[in-house]
Amino acid sequence: MTENTSAYHPLTVEEAINVARTVTNVFYPTDELICDEIGDGNLNLVFRVRLAHSSESASHTPSLIVKQALPYAKVVGESWPLTLERARIESDALLFQGKLVPQLVPHVHYYDATLAMTVMEDLSDHVIMRKGLIEGNRYPLFADHISEFLAHTLFFSSDLGMNQQQKKWQVQRFINPELCKITEDLIFDDPYTNSPNNNIDEQLLADHAKLCADHKLHLEVALLREKFLTSTQALLHGDLHTGSIFITPHSTKVIDPEFAYYGPIGFDIGAIFANLLLNAAGHEHWSLDDQTREEHRTYLLSTLCEIWNRFDEKFRSLWDEHGVDRISRTKGYQDVYMEQILQDTVGYTGSKMIRRIVGLAHVADVGSIPNQAAKLRAQRIALQLGTALVKSNRRIRSIEEMFTICEHAY
Ligand code: ADP
Ligand code: MG
Ligand code: MG
Ligand code: MG
């Protein structure tokens with residue numbers, strides 16, 4: 001039987017090299033290339049193709065990333081099938097974002113539907129933000145960069161910033177039911193019940209039992225889920241945690257938008273905030289002394305406020321300048337709209353914190369803490385703050401109110 005190389009199959013490193021060589025002109029035909037599979041996720045292969053004789057440190061030697069979707073989740077073997085369509089969604093989302101904020105996403109060289117594969121810029125000179133924050137590093141330009149990403153991608157995909165008929169067709173292009181289902185189960189359902197998907201440390205079982213019995217909390221989660229299910233406010237990244245952000249002191253790049261879909265704007269902002277606050281909790285362990293811990297937390301909380309304030313300012317000014325119609329300029333509308341985004345942000349921040357402590361997938365900031373006592377303290381901080389944020393979301397009127405709740409949690 002001859003192998004059909006044009007049909008979908010997981011690429012070998014040799015094939016990834018071949019793809020990188022033939023679909024771009026980044027390399028010379030005579031270049032000797034090497035390739036490593038560097039993916040750390042469960043759903044995709046990530047190949048890095050580069051010159052055989054380049055030194056790791058040289059940042060301007062040519063290299064490329066080939067990301068390929070697997071038709072199943074790696075973590076559970078082949079038993080959890082997942083659509084390859086998400087590779088198309090990821091590539092389309094990167095192209096959409098790349099038109100609006102090219103400096104903040106990897107450049108896409110090529111996309112192949114059959115192989116569910118995107119060839120993109122290699123960002124290996126950046127570090128994954130989660131790792132940088134665990135190390136206690138600071139990124140003074142991050143608030144400006146991420147607020148720029150959020151304001152532009154969210155405004156120009158919404159009914160405020162694009163033609164409303166075109167937008168409906170775009171909503172259709174980003175229907176992403178299978179990946180949304182993962183979010184719906186792992187964020188809004190499992191953490192509040194005794195689901196076998198949960199991953200709960202023994203010492204936290206009593207805390208989790210309280211969560212399962214907290215009906216006031218469940219009502220807020222039901223409302224947040226309803227909005228996630230029904231809102232088509234803007235095109236979201238959909239998985240905007242600090243593991244989807246590549247960073248240096250000078251540059252920020254957002255990767256991995258395979259969960260992109262039309263949903264509530266606060267969901268993306270809440271993902272960022274939750275991961276900053278989870279990192280702050282993790283510094284129960286990662287900071288070596290109280291002063292360092294205090295300073296790092298102050299940095300994270302002020303970054304959170306700065307992101308909101310810059311986002312608010314940028315989104316409003318895009319609206320004033322590029323709003324597509326008269327009705328959106330109705331007096332008072334903008335203030336109501338921004339306050340609703342803030343409340344949603346608070347709610348999604350809280351629900352994302354909770355799920356990273358008791359749900360299936362934890363974050364390294366807390367989950368990889370080797371000292372059991374420190375880990376338990378971090379987990380309880382995150383659970384209590386997450387719960388407080390979810391419960392208060394509909395009462396919040398300003399970022400200062402959110403800040404005050406966060407400040408009291410540590
Ligand atoms: P997944 O959807 O499986 O989580 P990601 O897109 O997040 O895949 O990529 C997984 C890992 O592969 C990243 O954490 C990073 O280490 C590496 N990676 C992904 N894209 C790039 C890129 N453009 N440049 C360099 N490394 C990358
Ligand atoms: Mg990953
Ligand atoms: Mg991903
Ligand atoms: Mg990822």
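In this predicted model, L318 counts as partly exposed, because 18 C-beta neighbours lie inside 10 Å, a count between the limits of 12 for an exposed residue and 20 for a buried one. L318 is placed in helix α10. Leaving aside residues up to four places away in sequence, L318 touches A151, F155 and G161. The C-alpha atom of L318 is separated by 45 Å from that of T12, the two residues being 306 residues apart along the chain.

Helix α10, which spans residues 290–322, packs with helix α9, residues 265–286. The axes of the two helices come within 9 Å and cross at roughly 170°. Since angles over 145 degrees count as roughly antiparallel, α9 is therefore roughly antiparallel to α10. On the side of α9, the contact involves I269, I272, F273, L276, N279, A280 and H283. These residues meet R293, H296, R297, L300, T303, L304, I307 and F311 of α10. By class, the contact of α9 with α10 comprises nine nonpolar, four polar and two charged residues.

Helix α11 takes part in two further helix pairs, described here in turn. In one of them, helix α8 (residues 215–230) packs with α11 (residues 333–358) at an angle of about 110°, the axes being 10 Å apart. Because this angle falls in the range of 65 to 115 degrees, α8 is roughly perpendicular to α11. The crossing in which α8 passes α11 is left-handed. Helix α8 contributes E220, V221, L224 and K227 to the contact, and α11 contributes D344, G347, Y348 and S351. Three nonpolar, two polar and three charged residues make up the contact of α8 with α11.

The other pair consists of α11 and helix α6, residues 177–188. Their axes are 8 Å apart and the packing angle is about 80°, so that α6 is likewise classed as roughly perpendicular to α11. L186, I187 and F188 of α6 meet S351, K352 and R355 of α11. Sorted by class, the contact of α6 with α11 holds three nonpolar, one polar and two charged residues. S351 of α11 thus appears both in the contact with α8 and in the contact with α6.

R355 also carries an annotation. An unreviewed UniProt entry assigns "binding site" to D239 and R355. Although these two positions are spread over 117 residues of sequence, they cluster in space, with a largest C-alpha distance of 13.5 Å. R355, located in helix α11, counts as buried because 23 C-beta neighbours lie inside 10 Å, where the cut-off is 20 or more. Apart from neighbours within four places in sequence, R355 is in contact with L186, I187 and P191; among these, L186 and I187 belong to α6. D239 is placed in the loop between β7 (234–236) and β8 (245–247). Because 19 other C-beta atoms lie within 10 Å, D239 is partly exposed. The contacts of D239, not counting residues up to four places away in sequence, are S244, D256 and F259.

One of these contacts, D256, is itself covered by a "binding site" annotation of the unreviewed UniProt entry. This annotation takes in N44, K67, E121, D122, L123, D256, P257 and E258. K67 lies in strand β3, residues 63–69. With 25 C-beta neighbours inside 10 Å, K67 counts as buried. Beyond residues up to four places away in sequence, K67 touches N44, V46, M117, T118 and M120; N44, one of these residues, is covered by the annotation as well.

E258 of the annotated set lies in the loop between β9 (252–254) and β10 (261–263). E258 counts as buried because 27 C-beta neighbours lie inside 10 Å. Leaving aside neighbours within four places in sequence, E258 is in contact with R86, I89, E90 and L179.

Technical notes: Residues numbered from 1 in each chain as written. Chains lettered and ligands numbered in written order. Predicted model: local features only at pLDDT ≥ 70, side-chain atom pairs only at ≥ 80, totals over all residues. Axes fitted to C-alpha atoms, helices over the stretch in contact; angles between N-to-C directions. Helix = DSSP H or I, 4+ residues; strand = E, 2+ residues; numbered from the N terminus. Parallel < 35°, antiparallel > 145°, perpendicular 65-115°, else oblique. Left-handed = near helix turned anticlockwise from the far one by under 90°. Contact = placed C-beta atoms within 7 Å. Nonpolar A, V, L, I, M, F, W, Y, C, P; charged D, E, K, R; others polar. UniProt positions renumbered as here; feature names shortened; annotations may be inferred.
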